[in-house]
Amino acid sequence: MIKIDKELLEFISYAAKNTYPNEFAAFLRDEEGVISEVVFSPYSVFGNSSATISHFSLPIDTSIVGTVHSHPTRNGSPSEGDLSFFSHYGKVHIIVRYPYENDDFFFYSRNGERLEYEVI
Ligand SMILES: [Zn+2]
């Protein structure tokens with residue numbers, strides 16, 4: 001089961017709300033088995049169409065376990081582009097959909113399967 005820090009979830013919710021109607025995107029960092037930090041990439045593109053994390057800007061950092069991005073809609077499912085990106089990088093990917101409350105978080109594996117998660 002994926003474990004994530006409660007304060008980090010609150011931060012992501014806050015950041016997604018602040019970035020709305022654009023998308024928010026960042027990397028996730030794991031500390032001792034708990035996702036507890038987000039890392040911003042200077043090359044992340046924030047736009048209306050799609051939050052794109054450039055493949056050329058992926059951090060070489062083994063504590064990075066995946067990504068998070070927001071959807072400014074009620075759709076928490078990964079797009080084709082999301083699935084393609086997930087399959088190339090990391091092991092856990094979060095999509096948080098509008099309006100970015102606790103039940104708007106969706107966790108996916110590399111293969112795009114839903115993952116259970118626990119808030120610590
Ligand atoms: Zn997406």
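Start by selecting D104 and R74: their side chains meet in a salt bridge, 3.0 Å from N to O. A salt bridge here is a side-chain nitrogen of Lys or Arg within 4 Å of a carboxyl oxygen of Asp or Glu. D104 sits in the loop between β5 and β6 and R74 in the loop between β4 and α2, so the pair ties together parts that are 30 residues apart in sequence. The element names come from DSSP runs numbered from the N terminus, with at least four residues (H or I) for a helix and at least two (E) for a strand.

Before you click on, a word on what you are looking at. This is a predicted model, where local features need pLDDT of at least 70 and side-chain atom pairs count only at pLDDT 80 or more, while totals for chains, interfaces and linings use all residues. Residues are numbered from 1 along each chain as its sequence is written, and side-chain values use heavy atoms, with hydrogens and water left out.

**Stay with D104**

Is D104 buried or exposed? D104 is buried, because its relative accessible area is 1%; buried means under 20%, exposed over 50% and partly exposed in between, using a 1.4 Å probe and protein chains only. Now add R97 to the selection: R74, R97 and D104 are linked in a network of salt bridges.

**More salt bridges**

A search of the whole structure finds 5 salt bridges. Select K17 and E101 for another one, with the closest N and O atoms 3.2 Å apart. This pair links distant parts of the chain, with K17 in helix α1 and E101 in the loop between β5 (92-97) and β6 (105-108), 84 residues apart. K17 is partly exposed at 39% relative accessibility, and E101 is partly exposed with a relative accessible area of 39%.

Next, pick K6 and E10, whose side chains meet in a salt bridge of 2.9 Å, N to O. Both lie in helix α1 (residues 6-19), 4 residues apart, about one turn of the helix. K6 counts as partly exposed at 46% relative accessibility, and E10 is partly exposed too, at 42%.

**Over to the zinc ion**

Which residues coordinate the zinc ion? Show H69 and H71, each using NE2, and D82, which appears twice through OD, at 2.0 to 2.7 Å. Donors are N, O and S atoms within 2.8 Å of the metal (3.2 Å for Na, K and Ca), and because water is not among the atoms, sites may look incomplete. Along the chain, the donors follow the spacing H-x1-H-x10-D. H71 in strand β4 (residues 64-71) and D82 in helix α2 (residues 80-88) link distant parts of the chain, 11 residues apart.

Why is the arrangement irregular? The 4 donor atoms subtend angles of 53 to 161° around the zinc ion, which makes it so. The cut-offs are these: four donors count as tetrahedral if all angles lie between 85 and 135 degrees; four count as square planar and six as octahedral if opposite donors are over 155 degrees apart and all others between 65 and 115; anything else is irregular. H71 is buried at 10% relative accessibility, and D82 is buried at 8%.

**Aromatic rings**

The structure holds 8 aromatic pairs. Select Y98 and Y100 to see an edge-to-face pair, 5.8 Å centre to centre with 85° between the planes. Rings of Phe, Tyr and Trp (its six-membered ring) pair if their centres lie within 6.5 Å; planes under 30 degrees apart count as stacked, over 60 as edge-to-face and the rest as tilted. Y98 is partly exposed at 35%, whereas Y100 is buried at 1%. Add Y20, and you have one aromatic cluster of Y20, Y98 and Y100.

**A stop in β3**

Click on V38, found in strand β3 (residues 34-39). V38 is buried, with a relative accessible area of 11%. Leaving aside neighbours within four places in sequence, V38 is in contact (heavy atoms within 4.5 Å) with L8, F11, I12, A26, F27, L28 and V68.

**Zoom out**

Finally, show the whole protein chain, with 2 helices and 7 strands. From the N terminus on, the elements run β-α-β-β-β-α-β-β-β. Of the 120 residues, 43% count as buried.

Colour by pLDDT, the predictor's confidence in each residue from 0 to 100. The chain's mean is 86, and 83% of its residues reach 70 or more. Over residues 45-49 the pLDDT is below 50, and beyond near neighbours in sequence this stretch has 13 contacts in the model. Where pLDDT is low, the predicted coordinates should not be read in detail.
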